Amino acid sequence: RIVYLNGEFLPESEAKLSIFDRGFLFGDGIYEVTSVIDGKLIDSDLHMARLERSAGEIDIPLPITTQQVVEAERRLIKENNLTEGLIYLQLTRGAEDRNFLFSDDLAPTLVMFPQVKKLIGSPQEAIGLSVKSVPDQRWARRDIKSVCLLPQVMAKRIAKAEGCDEAWMIEDGFVTEGASSTAYIISADKKLITRGNSNKTLPGCTRQAALQLIEEAGLTLEERPFTLQEALDAQEAVLTSAGNFVMPVTKIDGKPVGDGKPGPLVKRLRELYLENAMRTAI
Ligand code: PLP
């Protein structure tokens, strides 16, 4: 693979980082994942806006403009002949002797690399995803796309051990979100229920794009937290993320949601999302 490191395009074996990088020592950094279909970036504007916001919230200066980031991502797609998969981007505060406090003039580290992944036509699309509930053990600024992902690493491991595809995290009796996805349910009266954006969840780019299309899918939005029991009693359940787009959730803690099959509303919303995503891809 050709990867990007601080302005250079290099074979991955030649891309070297300092052991003093604060991303490594403190988890002092943020990231973005943008999916690629047909060699094009999906929802790129939304990911760039969130990148700027996350970086701003923890005061890491972006060393290049978001326009230049997109150009670099497109070059990586081209040089790696990537048709379907994702581009991972990580921005850390940079490298210096270990100290909680950092120097004001520290040069940040910017890394981007492609990963091949099948995004469309997976078996899960037809059967839906299974979810395992776990306690939400994260910090109070989940709106920042921080690289400190230990709670999610542990949550996904527990989910996997139970044969599940994703973990849904629970706080004070309500679902916050998936370990790496936004969570929704659809009620019998066709309300799409999901949390409003706040510090309690990551504002999903796929969520933002999908919510533009729900009216066309025959749904109305209700922004509020929901419980696991509500999800089990719901007509359909859904998750969204850059890697999954819009996916049906058909099983929670081993129990079926609705009739246990992907429902018509989530299928329609997925179609609409993909049509729109391809139309706006760059
Ligand atoms: N919530 C969390 C905690 C995530 O990690 C992610 C993505 O990785 C999402 C939601 C979905 O965000 P997006 O749709 O931008 O991928």
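User: Before anything else, what makes a residue buried or exposed here?

Analyst: A residue is buried if 20 or more other C-beta atoms lie within 10 Å of its own, and exposed if 12 or fewer do. Keep in mind that this is a predicted model.

User: Ok, let's try that on a strand. How many residues of E9 are buried?

Analyst: Four of the five, so by that cut-off of 20 or more neighbours, strand E9 (residues 174-178) is mostly covered.

User: And which strand is E9 joined to?

Analyst: Strand E8, residues 166-171. Three bridges link E8 and E9, and they run antiparallel. One pairing to look for is Trp168 with its bridge partner in E9, Gly178.

User: What sits between E8 and E9?

Analyst: Two residues, and the strands form a hairpin around them. Asp172 is in that turn. Its phi is near 50°, a positive value in a residue other than glycine.

User: Is Asp172 buried or exposed, and why?

Analyst: Exposed, because Asp172 has 9 C-beta neighbours inside 10 Å.

User: Where else do I find a positive phi of about 50°?

Analyst: At Asn81, which is not a glycine either. You'll find Asn81 in the loop between helix H3 (66-79) and E5. Asn81 also counts as exposed, because 9 C-beta neighbours lie inside 10 Å.

User: Let's zoom out. Which domains does the protein have?

Analyst: The domain assignment gives domain 1 (2-116) and domain 2 (123-280). Their C-alpha centres are 26 Å apart.

User: How many residues are in contact across the two domains?

Analyst: On the domain 1 side 20 residues, and on the domain 2 side 14. In domain 1, the elements giving two or more residues to the touching side are strand E3 (29-37), helix H2 (44-57) and strand E5 (85-92). E3 has the largest share of that side, eight residues.

User: What kinds of residues are on that side of domain 1?

Analyst: Eight are nonpolar, eight polar and four charged.

User: Tell me about H2, then. How far apart are its end C-alpha atoms?

Analyst: They're 20 Å apart. That agrees with expectation, because 14 residues at 1.5 Å a residue should span 20 Å.

User: Which residues of H2 are buried?

Analyst: Ser44, Leu46, His47, Met48, Arg50, Leu51, Ser54 and Ala55. The cover over them includes E3, strand E4 (40-41), H3, E5 and H6.

User: Some of those numbers come three or four apart. Why would residues that far along a helix point the same way?

Analyst: As a general point, an α-helix has 3.6 residues a turn, so residues three or four places apart point the same way.

User: And what happens just after H2?

Analyst: Asp59 comes there, with a positive phi of about 55°.

User: New topic: the ligand. How many residues surround the ligand, and which are closest?

Analyst: There are 13, and the closest are Leu202, Gly204, Cys205, Thr206 and Ala242.

User: Which elements supply at least two residues of that shell?

Analyst: Helix H6 (205-211) and strand E13 (236-241) each do. H6 gives the most, with three residues. You've met H6 already, since H6 is also among the elements covering the buried residues of H2.

User: How does the shell divide into nonpolar, polar and charged?

Analyst: Four residues around the ligand are nonpolar, seven are polar and two are charged.

Definitions and conventions. Residues are numbered from 1 along each chain as its sequence is written. This is a predicted model: local features need pLDDT of at least 70, side-chain atom pairs count only at pLDDT 80 or more; totals for chains, interfaces and linings use all residues. Domain bounds come from an automatic or database domain assignment. Two residues are in contact if their C-beta atoms, placed from the backbone, lie within 7 Å. Ala, Val, Leu, Ile, Met, Phe, Trp, Tyr, Cys and Pro count as nonpolar, Asp, Glu, Lys and Arg as charged, and the others, Gly among them, as polar. A residue is near a molecule or strand if its C-beta atom, placed from the backbone, lies within 6 Å of it. Two strands pair if DSSP finds at least two bridges between them. The expected span of a helix is 1.5 Å times one less than its number of residues.
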